[in-house]
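The following note sets out several points for a colleague who is examining this model. Overall dimensions are taken up before individual residues.

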Amino acid sequence: MKTEQQYFEEGKSIQTYMNEMGTLKEESFAVYEQFQLPADGFAEELKQNKLHFLTITEDWCGDAMMINPVIRKLAEAADIEMRVALRDADTDLIDRHLTNGGRAIPMVLIFDNQGNLLGKWGPRAPKAQQIVDEVRAALPPKEDPSFAEKQKEAFGSLRKRYTEDPVLWSDVYDSFKETVLAIMK
């Protein structure tokens, strides 16, 4: 069985992954180009800790479309190597990091420079989770003939919001920062 560090070593760089995305590429780059890291000194602090990140993701995932570019910006500013493992290519990795029993993505694994897994973050920031919960609660029951159409509309609207709402990007950054700071203590 491969270790998480072996998945990291075999993974593509986040830059290569985003350049090769087949789905949601334009939206993901829109977030990447527009998101501005706060001038809070966190990237400089991270440089001292010799971490690296592995994101378990897929290019069709709306959450990953917003989250990966935010964390990529931080990783680049902190000179942290960030790589990608595709969830569906080898489910053994995601099955070690389930969320409420599900294979929710993205999941960002955080390692020290010896390759030890220190912690993880994902699949979304608390405020985004609240929005997703509200969207899901407003959908008709799955048995309803209009469910598929309503779900497609709701997730399309959510994806648009993820692409355009800098407050959500900041929530991702703040939530991820909180997790990393707790690990570094």
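1. The radius of gyration of the protein chain is 16 Å, which agrees with the value near 16 Å that a compact globule of 185 residues would have. Along the principal axes, the C-alpha atoms fill a box of roughly 55 × 40 × 30 Å. It should be kept in mind that the model is predicted.

2. Burial and surface may be considered together. Of the 185 residues in the protein chain, 47% are buried. The chain exposes about 9500 Å², and carbon and sulfur atoms supply 48% of that area.

3. Among contacts with a separation of 6 or more, 76% are between residues 24 or more positions apart.

4. As to secondary structure, the protein chain contains 9 helices and 5 strands. Their order along the sequence is α-β-α-α-α-β-α-β-α-β-β-α-α-α.

5. Helix H3 spans residues 25-34, and its buried residues are Ser 28, Phe 29, Ala 30, Val 31 and Tyr 32. These buried residues pack against helix H2 (14-20), H5, helix H8 (147-164) and helix H9 (166-184).

6. The loop between strand S2 (52-57) and helix H5 (62-77) deserves separate attention, as Asp 59 lies there and Glu 58 is found in that loop too. Both acidic residues are treated below.

7. Glu 58 is buried but has no salt bridge. Which side chain of opposite charge is nearest to Glu 58? It is that of Arg 87, 5.3 Å away, whereas a salt bridge requires a side-chain nitrogen within 4 Å of a carboxyl oxygen. The side chain of Glu 58 does, however, reach the backbone nitrogen of Arg 87 at 3.2 Å. Leaving aside neighbours within four places in sequence, Glu 58 is in contact with Tyr 17, Ala 64, Leu 86, Arg 87, Asp 88, Ala 89 and Ile 105.

8. Asp 59 is likewise buried without a salt bridge. Its nearest side chain of opposite charge is that of Lys 12, at 9.1 Å. What does the side chain of Asp 59 reach at 3.1 Å? The partner is the backbone nitrogen of Thr 23. With neighbours within four places in sequence left aside, the contacts of Asp 59 are Tyr 17, Met 21, Gly 22, Thr 23 and Leu 24.

9. Taken together, the contact lists of the two acids both include Tyr 17, which appears for Glu 58 and for Asp 59. Each acid also reaches a backbone nitrogen through its side chain: that of Arg 87 for Glu 58, and that of Thr 23 for Asp 59.

Key. Residues numbered from 1 in each chain as written. Predicted model: local features only at pLDDT ≥ 70, side-chain atom pairs only at ≥ 80, totals over all residues. Heavy atoms only, no water. Helix = DSSP H or I, 4+ residues; strand = E, 2+ residues; numbered from the N terminus. Buried < 20%, exposed > 50% of the residue type's maximum accessible area, 1.4 Å probe, protein only. Lys, Arg positive; Asp, Glu negative; His and termini not counted. Polar contact = N/O pair within 3.5 Å; in protein donor to acceptor, adjacent residues only side chain to side chain. Contact = heavy atoms within 4.5 Å. Rg over C-alpha atoms; globule rule 2.2 N^0.38 Å. Areas by Shrake-Rupley, 256 points an atom, 1.4 Å probe, with all protein chains shown as cover.
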